[in-house]
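Please open the structure in your viewer and keep the selection tool at hand. The tour below goes from stop to stop, saying at each one what to select and what is found there.

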Amino acid sequence: MAIECLVLGAGQEVGKSCVVVTINDKKIMFDCGMHMGYLDHRRYPDFSLISKSGDFNNSLTCIVVTHFHLDHIGALPYFTEVCGYNGPIYMTYPTKALAPLMLEDYRKVMVDRRGEEEQFSYEQILECMKKVTAVDLKQTVQVDKDLQIRAYYAGHVLGAAMFYARVGDVAIVYTGDYNMTPDRHLGAAQIDKLQLDLVITESTYATTYRDSKYAREREFLKAVHKCVAGGGKVLIPTFALGRAQELCMLLDDYWERMNLKVPIYFSAGLTVQANMYYKMLINWTSQKVKDTYATRNAFDFKHVCSFDRSLINAPGPCVLFATPGMISGGFSLEVFKQWAPYEGNLVTLPGYCVAGTVGHRLMSAKTPAHINIDQDTQIDMRCQIHQLSFSPHTDAKGILDLVKFLSPKHVILVHGEKPKMATLKEKMQSEMGIQCFDPANNETVSIPSTHYVKAVASDALLQSSLSPNLKFLRKCSERGSDFGGLDARTKPRLKVFDDRMAEGILMVQRNQNIEAVHQNEVVAMLGLESHEIKFANCCPVYIANSETRNVVLSQSTVDKSFWLRLLFEKLSSKFPETSIQDCGERLQIESFSVSVCSKEICPHRTTANLQCMPETMYFCCTWSTADEKLAWEIISVIKSLSLRDK
């Protein structure tokens, strides 16, 4: 069974996330976003690649949306109400609550203020959300009899989730956007250790390794304070949900500590509603925010108030949070046009800006500069630009840590820039040995999946695995020399191991269940005789000194165990981790058996061994094919025995 992944968006770019995964005829669309940098056909994913006829209800099993950002949900009303998809849609409770606010705010900006052609109406947004089923974290949802999904906490923004999907034995995780480190208002991503064929992960910051969060906060506060202390205005373009709350908490606390009186404004409307939802959905925030909720709601900002448009050109310093975050239009663009020409003002970009937006142009601009707003508008920019990553996306270390923890068989990178994705891909393959892909938009990647077979175990196999499999490891309590220090009365300490192992054969018969049976059963089933190949060698040990020889021969004639104790000590020293069983007249190591040979003529002696002197003693050894390497190592030890006085 193969996993087919059609990347309709966020392939080697950041924007319009949309991946259609096919697992055994089940088609799941993960995210349905729009590209914030385009206004033409590139704005939405190419849905015709799912179904040429437009029959999306029969082409898709379900849609899963990870969070409310427009590059993950912006095309959903268009797909459901214009393209006609009426199948199941799943997202978390906060995402379902906040998505209509984001979608309607975008519609107002694009249609009412910029005069763009309407893609979907407010009524269509409401109809779209009626089709959504909200899910809780770690709630397993049975979409149909074969497909199940489960959401895991992703950090990033309120309600963001990674999604696990399973069809039969095939399992994948689609991460959406996530953050592996906690911040002031959200916790770090959390997910179970899962057995996965594939992880599809974002790679926005594929090559970025961030420094201390506190160092970045200090740098941000220093830049803002310096600007307002000099009488300037600070524009912080940010999305109304997520970084806005994070930075408001940071500034509110700093203003309190520094006793600053400069006003901090939030652009009215969406942000006010967003803060209301943050207060309602406090259980989805960080543990610190939840712990202090009983005494103080972290989203009741003491120094932050709503902004009135008449204050845009009001004299005096201020700090303003305005949407959207990438200055792609709306109020943040309107304010930027007014404040950009003045040197004392500051625009600080706290997050990632997609190519094609004004924010992205500012990231590489040097003041002073001429910034093209659109084909007809150019701004003379003299204000300061400050870029600092307060992004809710994880960095390269976080991506690698997550992949290492989940240890999937394959990885697909999406939601990132092509050169950076290529670097991360090479790192994963070379350091982790995990096959990794970075497809472009409209490309399909085929991933082989693991096929598990359910087998019935026979009674004989189960009985053999339940029976004790005792192994004995003896170690002498005293260590003497090779010969003279060994006391025949010394009793070695005994360690007993019970390593049980079921050894069987998988039988596959036509039109019958697969069965694991004991090897003896197979012989009987096939009507064959059991055969086993054994090897043997009668190994000589020469006694070098006449005085030593007389002592040894006199003792060994009476007690052969003397020789075995001597050999036991040598083998215990050579193979300290190997179980050596003392079975009385022989030693047993796996299938290797060795005993003292008292035969004058032994069939297992080689021609060379038959010519040995009478002062030679013999150890008779037998073993099976499986232990041939071990056997020759033991025989080498036997041959190296030195029986002489020191």
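Which residue of β8 is the bridge partner of T140? Before selecting anything, please keep in mind that this is a predicted model. Now select T140 together with strand β8, which covers residues 147-153, and you will find that the partner of T140 in that strand is R150. The two strands concerned, β7 and β8, run antiparallel to each other and are joined over three bridges.

**The seven-stranded sheet**

Widen the selection to the strands β7, β8, β9, β10, β11, β20 and β21, which in that order make up an open sheet of seven strands with mixed pairing. β7 (140-142) and β21 (435-437) are the edge strands, and because each has a single partner strand, one side of each has no neighbour in the sheet. If you look from strand to strand, neighbours are turned against each other by 20° on average, with direction ignored. Strands of a sheet are held in pairs by backbone hydrogen bonds, in either a parallel or an antiparallel arrangement.

Next add helix α13, which packs on this sheet and touches both β20 (410-414) and β21. The direction of α13 makes about 165° with that of β20.

**A buried residue in β11**

Staying with the sheet, select L198, which lies in strand β11 (residues 198-202). L198 counts as buried because its relative accessibility is 0%. Showing what surrounds this residue, and setting aside residues up to four places away in sequence, you will find that L198 touches I3, C5, A171, I172, V173, P408, H410, V411, I412 and I447. One of these, V173, is worth a distance label, since L198 and V173 are 25 residues apart in sequence while their C-alpha atoms are 6.6 Å apart in space.

**Two packed helices**

Return to α13 (residues 418-432) and add helix α12 (residues 396-406), which packs against α13 at an angle of about 40°, the two axes being 12 Å apart. Because of that angle, α12 counts as oblique to α13, and the crossing of the two helices is right-handed. To see the contact itself, select I399, L400, V403 and K404 on α12, and L424, K427, M428 and M432 on α13. Sorted by class, this contact has six nonpolar and two charged residues, and no polar ones.

**A hairpin and the strand beyond**

Now move to strand β30 (residues 586-589), which pairs with β31 in the antiparallel sense over four bridges. These two strands form a hairpin with two residues between them, and E590, which lies in the turn, has a positive phi of about 55°. Beside the turn, select I589 and look across to β31, where F592 stands opposite. Strand β31 (residues 592-597) is mostly covered, with five of its six residues buried. β31 also pairs with strand β32 (residues 616-624), again in the antiparallel sense and over five bridges, and here V596 has F619 of β32 as its bridge partner.

**A last stop in α10**

Finally, select S332, which is found in helix α10 (residues 330-339). Is S332 buried or exposed? S332 counts as buried, because its relative accessibility is 0%. Leaving out neighbours within four places in sequence, its contacts are L235, P237, A322, T323, P324 and I327.

Definitions and conventions:
Residues numbered from 1 in each chain as written. Predicted model: local features only at pLDDT ≥ 70, side-chain atom pairs only at ≥ 80, totals over all residues. Heavy atoms only, no water. Axes fitted to C-alpha atoms, helices over the stretch in contact; angles between N-to-C directions. Parallel < 35°, antiparallel > 145°, perpendicular 65-115°, else oblique. Left-handed = near helix turned anticlockwise from the far one by under 90°. Contact = heavy atoms within 4.5 Å. Nonpolar A, V, L, I, M, F, W, Y, C, P; charged D, E, K, R; others polar. Buried < 20%, exposed > 50% of the residue type's maximum accessible area, 1.4 Å probe, protein only. Pairing = 2+ DSSP bridges.
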